[in-house]
Amino acid sequence: MSDRDVFEYALLRVVPRVERGECFNAGVVVYCRARSFVAARTHLDEAKLAVLDPAADVTGVRAALRAVEGVCLGGDAAGQAARDDAGRRFRWLIAPRSTVVQPGPVHTGLTADPEAEVERLLDLLVR
């Protein structure tokens with residue numbers, strides 16, 4: 001038996017001007033069904049944001065990224081999603097949307113430590 005479990009992840013992209021389609025990665029959401037685990041970590045590169053849209057609402061983008069982290073945490077921070085299990089919260093977060101913060105496609109992998117995977121992916125794909 002393997003000590004690794006399947007996990008899914010999606011990048012969070014900042015799209016400051018949806019009509020232009022330009023974006024950059026600002027976070028990652030990881031879900032591991034076998035461990036009932038869901039978590040998000042974010043990192044907003046304000047310099048990149050300013051290049052794509054000098055008039056961007058930095059405070060609003062940060063709030064949207066924090067909201068994703070809150071939904072993953074569950075409890076009061078998750079709002080209406082507080083009663084949902086980890087899988088339902090992940091599926092809600094990765095649903096396509098046309099907003100400044102958008103999820104990318106879902107990818108899969110194997111991990112022995114989903115928490116460490118979140119940090120590894122953030123360092124590899126976002127920072």
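**Salt bridges and cores in a predicted model**

At a relative accessibility of 23%, R41 counts as partly exposed, because a residue is called buried only under 20%. The model in which R41 sits is a predicted one. R41 is a useful place to start, since its side chain meets that of E115 in a salt bridge, with 2.1 Å from N to O. R41 belongs to strand β3 and E115 to helix α4 (residues 114–125), so this pair ties together parts that are 74 residues apart in sequence. E115 is partly exposed as well, with a relative accessibility of 34%. The pair is also part of a network of salt bridges that links R41, E115 and E119.

To place these elements, consider the protein chain as a whole. The protein chain has four helices and four strands. Read from the N terminus, their order is β-β-β-α-α-α-β-α. The C-alpha atoms fit a box of roughly 50 × 30 × 20 Å along the principal axes. A compact globule of 127 residues would have a radius of gyration near 14 Å, and the 15 Å of the protein chain agrees with this. Among contacts in the protein chain with a separation of 6 or more, 62% are accounted for by residues 24 or more positions apart.

The bridge between R41 and E115 is not alone: the count of salt bridges comes to ten. Another of them joins the side chains of D5 and R35, at 2.6 Å from N to O. Here D5 lies in strand β1 (residues 5–14), while R35 lies in the loop between β2 (24–32) and β3 (37–42), so the pair ties together parts that are 30 residues apart in sequence. R35 has a relative accessibility of 36% and counts as partly exposed.

A further salt bridge is found between the side chains of R127 and D123, again with an N to O distance of 2.6 Å. How exposed are the two partners, R127 and D123? R127 has a relative accessible area of 54% and is exposed, because the class begins over 50%. D123, with 43%, is partly exposed.

The next topic is the interior. Of the 127 residues in the protein chain, 40% count as buried. In soluble globular proteins, nonpolar side chains tend to be buried together. In this model the largest nonpolar core has 22 residues, and the members that touch the most others are V14, V29, V38, L44, V61 and L65. Which elements supply at least two residues each to this core? They are β1, β2, β3, α2 (58–73) and α3 (86–94). The largest share, five residues, comes from α2.

V61 shows how such a core residue is surrounded. Leaving out residues up to four places away in sequence, V61 touches V14, L44, L49, V100 and V101. Two of these partners, V14 and L44, are themselves listed with V61 among the core members that touch the most others. Apart from the largest core lies another one, of twelve residues, including V28, V118, L121 and L122.

The outer surface completes the picture. The protein chain exposes about 7,200 Å², and carbon and sulfur atoms supply 51% of that area.

Key. Residues are numbered from 1 along each chain as its sequence is written. This is a predicted model: local features need pLDDT of at least 70, side-chain atom pairs count only at pLDDT 80 or more; totals for chains, interfaces and linings use all residues. Side-chain values use heavy atoms; hydrogens and water are left out. A salt bridge is a side-chain nitrogen of Lys or Arg within 4 Å of a carboxyl oxygen of Asp or Glu. Buried means under 20% relative accessible area, exposed over 50%, partly exposed in between (1.4 Å probe, protein chains only). A nonpolar core is a set of buried Ala, Val, Leu, Ile, Met, Phe, Trp, Tyr and Cys residues joined through side-chain atoms within 4.5 Å. Contact means heavy atoms within 4.5 Å. The radius of gyration is taken over C-alpha atoms; the globule rule is 2.2 Å times the number of residues to the power 0.38. Accessible areas come from the Shrake-Rupley method with a 1.4 Å probe; for residues, only the protein chains shown count as cover.
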